[in-house]
Amino acid sequence: MTTAFYTHPDCKLHDMGPGHPESPARLQAIEDQLIASRIDQLLDYRSPPLAREGDLALAHSAGMIAMVREHSLALAGKAGLYPLDPDTSVNGHSWQAALRAAGAALAATDAVMAGEVSNAFCAVRPPGHHATSHNSMGFCLFNNIALAALHALEAHGLERVAIIDFDVHHGNGTEEIFARDPRVLMASFFQHPFYPHCGTEPEGDNAVNIPVPAYSDGSVVRKLATEQWLPALNAHRPQMIFVSAGFDAHREDDMAQMGLVEADYTWLTRQIMEVAAEHAEGRIVSCLEGGYNLSALGRSAVAHLKVLAELE
């Protein structure tokens, strides 16, 4: 079992200002925990290419792509930020970072489909699951996991894929991009009521959205996933699984109010691995989304990676 680990220094250069929770330190926290857990040398480290604008156009409008590109490049070599929404800004490095993050998701998909690796995790930022077809929002510039899924469908000819989103916030962008697309099943849980204040009424019958009240712990999520996610996933028979891996439902993460711990991410990943083994030849690409308590983020990402790499 070989697990590819995609990351790049460019992803640390996107910075939305002092005190912003979606910070470059998030990637360093994951890298530090990989070293501390002694699994860093057991992963296949890969440097992602830059996505092309044509790749971004798989999921995003020309106007949205131009907005991110022009405002970021206008700040190249300068201090300052340009706000795309109240939570989301670009600096002079954001365009390069966003292309690198999307490029990682696409390259990981190619590597898994080619059989070079069994599965892959992309430790990249900016994250993506709030980005819709027309708008960057919620800390996200482009929707990395949606681009990867579309690439698998369009470039590799797959007929059915699944996207599993265990971030504490609903992946509204992913749902909007794939609404009513029968090729794609989206399975998610999310704290409700909470940002982005949607998801309780699915946009299509291809989404299994599970709103969960604040202060729910892992036992609640495990029960709901067993009763609702797994039957839908097995009925869909995905040929590849994509994971929006947000770790902000951790009980130590003060960006939300849920109570998961590392063991819950281990359990969730094992369920995903079993579905992938049954239907998808084990093919999984996972991309980092949220997770803002640095220690909890690093520990949870390591728990996720240990299962992907069959080290636990």
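## Close-up views of a predicted model

**View 1. Helix α6 at the largest cavity.** Helix α6, residues 172-178, gives the most to the lining of the largest cavity, with three residues. The model shown here and in the other views is predicted. The full lining is made up of T174, E175, F178, A179, R180, M186, E203, G204, N206 and A207. By character, these lining residues split into four nonpolar, three polar and three charged.

**View 2. The space inside the lining.** How many cavities of 30 Å³ or more does the count give? The count gives one. The volume of the largest cavity is about 40 Å³. Residues on its lining include F178, M186 and N206.

**View 3. E310 and its contacts.** E310 sits in the segment that follows α9, a helix covering residues 294-308. Is E310 buried or exposed? Its relative accessibility is 52%, and exposed means over 50%, so E310 counts as exposed. Which residues does E310 touch, once neighbours within four places in sequence are left aside? They are M1 and M273.

**View 4. E310 and H93.** This view pairs two residues that stand 217 residues apart in sequence. In space, the C-alpha atoms of E310 and H93 are 35 Å apart. E310 belongs to the segment after α9.

**View 5. The annotated span.** An unreviewed UniProt entry carries the annotation "domain: Histone deacetylase" for residues 20-308. The C-alpha atoms at the two ends of this span lie 30 Å apart. Helix makes up 41% of residues 20-308, and strand makes up 15%.

**View 6. The protein chain as the setting.** Nine helices and 10 strands form part of the protein chain. The chain has a radius of gyration of 17 Å, close to the 20 Å that the globule rule gives for 312 residues, so it is as compact as a globular protein of that length. Its C-alpha trace spans about 50 × 40 × 40 Å along the principal axes. Of the 312 residues, 62% count as buried. What share of the contacts with a separation of 6 or more comes from residues 24 or more positions apart? In the protein chain, that share is 74%.

Note on methods. Residues numbered from 1 in each chain as written. Predicted model: local features only at pLDDT ≥ 70, side-chain atom pairs only at ≥ 80, totals over all residues. Heavy atoms only, no water. 1 Å grid on protein atoms, 1.4 Å probe; cavity = no way out; pocket = protein on both sides within 12 Å on 5 of 7 lines; lining within 4 Å. Points joined across faces, edges and corners; volume = space filled by probe spheres on them. Helix = DSSP H or I, 4+ residues; strand = E, 2+ residues; numbered from the N terminus. Nonpolar A, V, L, I, M, F, W, Y, C, P; charged D, E, K, R; others polar. UniProt positions renumbered as here; feature names shortened; annotations may be inferred. Rg over C-alpha atoms; globule rule 2.2 N^0.38 Å. Buried < 20%, exposed > 50% of the residue type's maximum accessible area, 1.4 Å probe, protein only. Contact = heavy atoms within 4.5 Å.
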